Amino acid sequence: MYTYASYAKAALHTTVVGLAVWAGLYLLLTGRGERFDVGGYLLRISPYMWGVYGISLCIGLSVVGAAWGIFIAGSSILGGAVRTPRIATKNLISIIFCEVVAIYGVIMAIVFSAKLGAVSSEGGFSSSDYYTGFSLFWGGLAVGLANLICGLAVGITGGNAAVADAHDQQLFVKILVIEIFGSVIGLFGLIVGLLVTGKAEDFAGMI
């Protein structure tokens with residue numbers, strides 16, 4: 001059954017596609033089709049912006065993932081503790097796992113920001129600067145998305161661990177193992193971010 005949200009989504013999609021087709025045909029029929037230059041668009045944007053966007057996505061998505069996970073796990077822990085108070089203290093480890101996700105994002109944002117440096121506006125940017133900007137953007141996006149998914153995984157698993165622990169104490173350790181494996185996803189994202197930006201040099205400008 002269709003809802004108002006589905007109609008609004010379809011209308012937005014149709015509007016965006018229609019505007020894109022209209023703009024493309026307009027440029028093509030007026031003899032300005034060369035403006036479809038993705039490379040030129042990327043080069044016209046300052047590599048500083050790409051780097052700052054990557055750092056912002058890194059820490060922003062990580063904090064959102066941690067907060068979302070704490071919201072899910074915390075509400076389940078508090079709800080289960082109303083009937084079984086003994087689970088409240090033991091299940092706080094799920095909250096700690098969620099908070100570690102935000103710490104991953106903060107650490108990687110500090111590492112990425114160390115590659116940003118002052119460049120004279122007269123000389124412009126070098127190809128190395130553009131490589132650094134692009135690598136910081138994609139590295140930050142990879143870390144942020146991995147931590148967002150990690151926070152959700154740990155929060156959902158931690159919430160179920162609290163409910164299962166309230167029912168049977170022996171189930172807590174078994175579900176905790178699954179939660180630990182879910183928390184490793186954030187560490188994988190951290191490693192991917194380091195690999196993506198490993199060869200990126202500090203901003204130096206044109207020499």
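## The salt-bridge network

K90 is partly exposed, at 33% relative accessibility. The model is a predicted one. K90 forms a salt bridge with D165, and the closest N and O atoms are 3.4 Å apart. K90 lies in helix α4 and D165 in helix α6, so this pair ties together parts that are 75 residues apart in sequence.

What is the relative accessibility of D165? The value is 0%, so D165 counts as buried. Its partner K90, at 33%, counts as partly exposed.

D165 also meets R86 in a salt bridge, at 3.2 Å from N to O. This pair links distant parts of the chain, 79 residues apart. R86 sits in the loop between α3 and α4, while D165 belongs to helix α6, residues 127-167. R86 has 35% relative accessibility, so R86 counts as partly exposed.

How many salt bridges does the count give? The count comes to 2. R86, K90 and D165 are linked in a network of these bridges. Side chains of opposite charge can pair when their charged atoms come close.

## Helix α3 and its start

Helix α3 covers residues 47-83. How far apart should its ends be? At 1.5 Å a residue, its 37 residues should span 54 Å. The end C-alpha atoms are 55 Å apart, which agrees with that expectation.

Now look at the start of α3. A side-chain oxygen of S46 reaches to within 3.2 Å of the backbone nitrogen of Y48.

## S94 in helix α5

S94 is found in helix α5, which runs over residues 92-113. Is S94 buried or exposed? S94 is buried, because its relative accessible area is 0% and the cut-off for buried is under 20%.

Which residues does S94 touch, leaving aside those up to four places away in sequence? They are A73, V154, G158 and E179.

## I185 in helix α7

I185 has its place in helix α7, residues 171-196. Its relative accessible area is 31%, so I185 is partly exposed. S94, in contrast, is buried at 0%.

I185 touches A146 and C150, not counting residues up to four places away in sequence. H167 is 18 residues from I185 in sequence. In space, the two are 28 Å apart, C-alpha to C-alpha.

## Cysteines without disulfides

How many disulfides does a search of the whole structure find? It finds 0. C58 is in no disulfide, and the nearest cysteine sulfur, that of C150, is 13 Å away. A disulfide needs two cysteine sulfur atoms within 2.5 Å, so a pair at that distance does not qualify. C58 has 0% relative accessibility, so C58 counts as buried.

C98 is in no disulfide either. For C98, the nearest cysteine sulfur is again that of C150, here 8.0 Å away. C98 also counts as buried, at 0% relative accessibility. C150 appears in another place too, as one of the residues touched by I185.

Methods:
Residues are numbered from 1 along each chain as its sequence is written. This is a predicted model: local features need pLDDT of at least 70, side-chain atom pairs count only at pLDDT 80 or more; totals for chains, interfaces and linings use all residues. Side-chain values use heavy atoms; hydrogens and water are left out. Helices (H or I, at least four residues) and strands (E, at least two) are DSSP runs, numbered from the N terminus. Buried means under 20% relative accessible area, exposed over 50%, partly exposed in between (1.4 Å probe, protein chains only). Contact means heavy atoms within 4.5 Å. The expected span of a helix is 1.5 Å times one less than its number of residues. A polar contact is a pair of N or O atoms within 3.5 Å; within protein, one must be able to donate a hydrogen and the other to accept it, and residues adjacent in sequence count only if both atoms are side-chain atoms. A salt bridge is a side-chain nitrogen of Lys or Arg within 4 Å of a carboxyl oxygen of Asp or Glu.
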